[in-house]
Amino acid sequence: EVFANSDDHFGITITVDDGINALVKKMLHIYIEDVNDNAPVFKGLPYRADIAENENVGVEIFKVFASDSDRGYNGSVTYQILELIPSDDAELFEISKNGSVFLKGRLDFARASIYQVVIRAMDQGKPDAKYATTRLIINVIDVPNRPPEYLSLAYYVRIPENLPVDSVIITVTAVDGDRGINNPVTYDINGSSAFAVDNKTGKVTNIVLLDREIMEELITVDITAFELVKGIKDLSTARTTTVTILVLDVNDNRPIFYSMLGVSTDTFQASVPEEPANGMPILHIYAHDLDQGKNGTFGVFLQGSDSAAFNLNQNIVYNEGTVTIQVTNSEALDFERNDVLQFQVADIRCGPTDRSDLCGEPNPLGQGNEAAILCHLASQRWWWSDQQRTD
């Protein structure tokens, strides 16, 4: 007769009968000793966990389990983290003896969005323990905690001052700094009332006519990008970049003549004695063109029937300068013959043409390649009256 009290205990009843004497029965107990012939086996594979990057340190984020069909120490399983991939912070996670995995440091989606935790389950068998390994995949969930990022490190643009209103001068682009979320971005502008930004596209436009002569030549505006969280501007996650705008000069101003008192005028008067010495200055005039460079360079000359008695100390003015009218023919200043001489001083505009390859240094009227100069004629009237004139 065979019976079993458990998986490792069996009993056999042995009966002896010689046909004469009474039966003899004896119980034979058989105990089966376990040997460590089974390795732990992980249950519920694969192991995956999704953890928000702002999860609190110390919380249990997952629990693994491995069973071992052996008995006693041979079937007692403990756990250990063998490797963390990436390995920048090897102590970011911790596992207890019962398989609970805890977060021991701060997560950052921007630093790593996924981790592989290599876990070993090992029994306590002796002399040779058996083990199994598996991987726990941890996906880090991005939360909106990083400001937008601009696609360019710097924004710089050169524009002419006669640019039509509402022209797109540059486009700034920013994206959500939280890569796993990709919320839309909106834009604001500060720094100049002459420019605007499209809050959706980041296109910067001029909303007024520009004039380099009355505004700053180098303008900076600040563009701030905000993340939209559920359609609402998140002021806590904003980033600002600077757009530098250089306003270029165009030839849009005429030279202006001023008296030495600084008053602009189109009529000047001077009194000189009859038959003065040649070379005698009779009038000083300040000439100014608000444009720059070649755009502000102009020629000056005298014209009119009486102008032959005079000349100028210079014929080219570079943006601004003082022009002096001098006597060159004193015999022409004869009171009895003519007590009033009338002539004009004129400027000839010397600015770039549409063909930049033809532009050269400006020349006085009638000299050089006039086809290479774009000339705008502006005249000023001069009056000369003799000091000895009698009414």
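The following paragraphs describe the secondary structure, burial and strand pairing of a predicted protein model.

In the predicted model, the protein chain contains 30 strands and zero helices. Of the 391 residues in the protein chain, 39% are buried. The exposed surface of the protein chain amounts to about 22100 Å², of which carbon and sulfur atoms supply 49%. When contacts between residues at least 6 apart in sequence are considered, 66% of them join residues at least 24 apart.

Strand β12, spanning residues 131–141, takes part in both parallel and antiparallel pairing. With strand β5 (residues 47–52), β12 pairs in the parallel sense over six bridges; within this pairing, A49 has I138 of β12 as its bridge partner. Strand β11 (residues 114–123) runs antiparallel to β12, and nine bridges join the two. Here the bridge partner of R120 is T133 in β12.

Further along the chain, four strands form an open sheet in the order β22-β24-β28-β26, with antiparallel pairing. The edge positions are taken by β22 (256–258) and β26 (310–312); each has a single partner strand, so one side of each is left without a neighbour in the sheet. From one strand to the next, the twist of this sheet averages 30°. Within the sheet, β24 (residues 281–288) and β28 (residues 320–327) pair in the antiparallel sense over seven bridges. In this pairing P281 is matched with Q326, its bridge partner in β28. In a regular strand, side chains alternate between the two faces of the sheet.

Notes:
Residues are numbered from 1 along each chain as its sequence is written. This is a predicted model: local features need pLDDT of at least 70, side-chain atom pairs count only at pLDDT 80 or more; totals for chains, interfaces and linings use all residues. Side-chain values use heavy atoms; hydrogens and water are left out. Buried means under 20% relative accessible area, exposed over 50%, partly exposed in between (1.4 Å probe, protein chains only). Contact means heavy atoms within 4.5 Å. Accessible areas come from the Shrake-Rupley method with a 1.4 Å probe; for residues, only the protein chains shown count as cover. Two strands pair if DSSP finds at least two bridges between them. Axes are lines fitted to C-alpha atoms, for helices over the stretch in contact, and angles run from 0 to 180 degrees between N-to-C directions.
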